[in-house]
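Please open the structure in a viewer and follow the stops below in order. Each stop says what to select and what is to be found there.

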Amino acid sequence: MSPSAVSRDFTSSPTLDTTSKLTKAGTESALSKVTSNGTTTTGNDDIVVADLDASKCTVTHPPTFKPVPALDSAEVLSQSCTTDHMLTARWTEAGGWEAPEIKPYGALSLMPTASVLHYATECFEGMKAYRGADGKVRLFRPDRNAKRFLKSATRISLPAFSTHEFLKCLQRFVGVEARRWLPVDEKDDERFVYLRPTMIATAPALGVQKPKEALMYIIAVLFPRLDEPRRMPPAGAALATNGANGHAVGATPRPSTGMRLLASQHDIIRAWPGGFGNAKVGANYGPSLIAQGEARARGYDQILWLFADECFVTEAGGSNFFVLWINEDGEKELITAPLGDGTILEGVTRASVLDLVRARGDVKVVERKFTMDEVVRAADQGRLLEGFGAGTAFFIAPVSDVHFRGLDVVFPLGKGEGAKFAMGIKDELKSIMYGRIQHEWGVVVEEL
Ligand SMILES: *Cc1c(COP(=O)(O)O)cnc(C)c1O
């Protein structure tokens, strides 16, 4: 599709710019421009540019295929092992979406002036394709990722697209890669590849403005299992010296297993109301790496992001965060921070945990703001049962302890007990992902 297919007077046409894209209304206005017949309009009813169209997708194979490394190889651990192909689709303001291409994986060509390199006009998704026990390849609730991808793109003025066509492109790509990269293997029935749909603004111009060109691409990466840390204990770490009250001041507990979290300090915030913490954009990550680096250097796995003077508990690294406790009324309760004010990413795993536990009905489920003080008090009173991170990359990762400004809050897991609740949910989700139980959340991909 060539941009000349549509003519357009850029100097006078009203566009989405008439509504602030930095507001919820702006995002919603942009989303509403994806019309029911699948075309994307630019706000002027006379101008209709091409929507993403999976049926136009072409496939080109590389001359030779890469060797598929063993799952425990250094290459896989480095998270740099990509598959043979990538899918790309170009967009221009004048012409809309061009035909998607599945082609050999390789470098992108970008001008140094490209918007993404200066103004963080980048968003992404994180999902997995699973080779099931029944030999089929599945995606997990991919419609949710597609909708979120659109929401994130729109939040940073990247172009809208039909989520339906995006999903068809994604399935096509997975269908091409699955045979080699998700081999049917009797010994290992839990293989997956990590999928990274991405969108960047590519227009070569330094002006601070809504991008006029963009590139959507999808790559696949072999990932180690991040949900089962096989980390060596930090050298010379003191053994846990926890009092009966569940936390000890100044001690460095050494849990047998489980994720260790370092609570963020007053001077660093991941996301704030009205910000973009609820969009999956690269801009959320770069500025957080300094805190992540400190956590690693101190023997922790992730930052537990707190917000405001009240120390509201928000997310753990790039995962949503859950606590299972006995609440002040004596009820067993699963709690996580609520969506709505823009500080929490709407995780697919988060939604699935909430859905499963609500359906089961054995534990009260609440989405409300809660503070570190409440968690410390629960630990003090022996009411703290489990904590876990929930997200695609780390899956369900039980927490052993949280270091919170001089206090070590130790979960029962950190004292050698199990994390039965979290592991139960994890098993249930895995059964759906790997097709051990048939469920509408597991979407089978046709292999090519
Ligand atoms: C991606 C992400 C999550 C997890 O979302 P899933 O859809 O469950 O993978 C949680 N928090 C942040 C900040 C994220 O970027």
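## The shell around the ligand

The residues of the shell around the ligand divide into three nonpolar, seven polar and four charged. The model on display is a predicted one. Select the ligand and display the residues that surround it. There are 14 residues around the ligand, and those that come nearest are K280, Y285, E315, T349 and T392. Two elements may then be coloured: β16 (319-326) and α7 (348-360) each supply at least two residues of this shell.

## Polar atoms beside the ligand

Keep the ligand selected and add R148. A polar side-chain atom of R148 lies 2.8 Å from an oxygen atom of the ligand. Add K280 next, where a polar side-chain atom is placed 2.7 Å from an oxygen atom of the ligand. V348 should be shown with its backbone, since a polar backbone atom of V348 is 2.7 Å from an oxygen atom of the ligand. How much of the ligand does the protein bury? Taken alone, the ligand exposes 380 Å², and the protein buries 97% of that.

## K280

Now centre the view on K280. This residue is found in the loop between β13 (259-263) and α6 (289-297). UniProt, in an unreviewed entry, lists K280 for "modified residue: N6-(pyridoxal phosphate)lysine". Is K280 buried or exposed? K280 has a relative accessible area of 10%, and because buried means under 20%, K280 counts as buried. Display its contacts, leaving out residues up to four places away in sequence: K280 touches C123, F124, E125, G126, R148, S152, Y285 and L345. Among these contacts, R148 also has the polar side-chain atom 2.8 Å from a ligand oxygen atom, and Y285 is one of the residues that come nearest to the ligand.

## S152

From K280, move to its contact S152. S152 lies in helix α4, and S152 is buried, with a relative accessible area of 1%. Which residues are in contact with S152, once its neighbours within four places in sequence are left aside? They are C123, A279, K280 and V281. A distance can also be drawn from S152 to F124: the two are 28 residues apart along the chain, and their C-alpha atoms are separated by 7.8 Å.

## L170

Select helix α5 (residues 163-181) and find L170 within it. L170 is buried, with a relative accessible area of 0%. Its contacts, not counting residues up to four places away in sequence, are M127, L139, L195, P197 and I218. For I218, the separation along the chain is 48 residues, while the C-alpha atoms of L170 and I218 are 7.4 Å apart.

## E93

The next selection is E93, in the loop between β4 (85-92) and β5 (96-97). At 10% relative accessibility, E93 counts as buried. Add A214 to the view: E93 and A214 are 121 residues apart in sequence and 8.6 Å apart in space, C-alpha to C-alpha.

## Two residues with positive phi

Select R141, which lies in the loop between β9 (137-140) and α4 (142-155). What is the phi of R141? The angle is near 45 degrees, a positive value in a residue other than glycine. R141 has a relative accessibility of 9% and counts as buried.

Then select F395, whose place is in strand β20 (residues 395-404). F395 is not a glycine, yet its phi is positive, at about 55 degrees. F395 is buried, with a relative accessible area of 8%.

## The whole chain

Finally, clear the selection and show the whole protein chain, coloured by secondary structure. The protein chain has nine helices and 22 strands. Buried residues make up 54% of the 448 residues in the chain. The protein chain exposes about 19600 Å², of which carbon and sulfur atoms supply 55%. Among the contacts in the chain with a separation of 6 or more, residues 24 or more positions apart account for 71%. The pair L170 and I218, visited earlier, is 48 residues apart along the chain and in contact.

Note on methods:
Residues numbered from 1 in each chain as written. Predicted model: local features only at pLDDT ≥ 70, side-chain atom pairs only at ≥ 80, totals over all residues. Heavy atoms only, no water. Near = heavy atom within 4 Å. Polar contact = N/O pair within 3.5 Å; in protein donor to acceptor, adjacent residues only side chain to side chain. Areas by Shrake-Rupley, 256 points an atom, 1.4 Å probe, with all protein chains shown as cover. Helix = DSSP H or I, 4+ residues; strand = E, 2+ residues; numbered from the N terminus. Nonpolar A, V, L, I, M, F, W, Y, C, P; charged D, E, K, R; others polar. UniProt positions renumbered as here; feature names shortened; annotations may be inferred. Buried < 20%, exposed > 50% of the residue type's maximum accessible area, 1.4 Å probe, protein only. Contact = heavy atoms within 4.5 Å.
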